Amino acid sequence: MQTPDPHTPPILRDKLCEDVFYLKITPQIHPDIADFLLEKGYKGVICECYGLGGIPSALLEKLGALVTGGVRVIAVSQCLQGGANLQIYAAHKRAADLGIEAWNMTGAGALARLMLELGEMM
């Protein structure tokens, strides 16, 4: 990230995409939630995953279908420290292969960033 020039006036970026869903991964989550998100027209999904990016395998394949359908899917960690990393374990690498991105930031920060990124594309 580049340090801003103190002599350049700041740019207000206020185009936000509100079609972003925050999905907290839990043991009992039903994989069909991904079908619902695609049906409702969401443009992005923040997945708050286990540890470094753990997602139950049945849900993982459905999230991959979201990516194929044009939805940005971002993995963040539920852990207070460490962050998501989809390059450590084989199960997590499958998520990366499906096009799921991992961001090393809080869920709230990832939500705001994704809303901004998608908003600027509108």
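1. Let's start with strands E1 and E2. In this predicted model, E1 (residues 20-24) runs parallel to E2 (residues 44-49), and the two are joined by five bridges. Two of the facing positions are easy to pick out on your screen: Val-20 is opposite Gly-44, and Phe-21 has Val-45 as its bridge partner.

2. The connection between these strands is worth tracing. Helix H1 (residues 33-39) combines with E1 and E2 in a β-α-β unit, and the unit is right-handed.

3. Now zoom out to the whole sheet. Four strands form an open sheet in the order E1-E2-E3-E4, paired in parallel. E1 and E4 (101-102) are the edge strands; each has a single partner, so one side of each lacks a neighbour in the sheet.

4. A helix also packs here. H2 (residues 57-68) lies across E1, E2 and E3 (72-77), and its direction makes an angle of about 135° with E3.

5. Back to Phe-21, for its side chain this time. The structure has one aromatic pair. Phe-21 and Tyr-42 make up this pair in an edge-to-face arrangement, with 5.4 Å from centre to centre and 75° between the planes. The pair ties together distant parts of the chain, since Phe-21 belongs to E1 while Tyr-42 sits in the loop between H1 and E2, 21 residues apart.

6. Are the two rings of that pair buried or exposed? Phe-21 has a relative accessible area of 22%, so this residue is classed as partly exposed. Tyr-42, at 23%, is partly exposed too.

7. One last contact for your list: Arg-113 is placed over the face of Trp-103, 3.8 Å from the ring centre.

How values were computed. Residues numbered from 1 in each chain as written. Predicted model: local features only at pLDDT ≥ 70, side-chain atom pairs only at ≥ 80, totals over all residues. Heavy atoms only, no water. Pairing = 2+ DSSP bridges. Right-handed = clockwise from strand over helix to strand, strands pointing away. Phe/Tyr/Trp six-rings, centres within 6.5 Å; stacked < 30°, edge-to-face > 60°. Buried < 20%, exposed > 50% of the residue type's maximum accessible area, 1.4 Å probe, protein only. Lys NZ or Arg CZ within 6 Å of the ring centre and 35° of its normal. Contact = heavy atoms within 4.5 Å. Axes fitted to C-alpha atoms, helices over the stretch in contact; angles between N-to-C directions.
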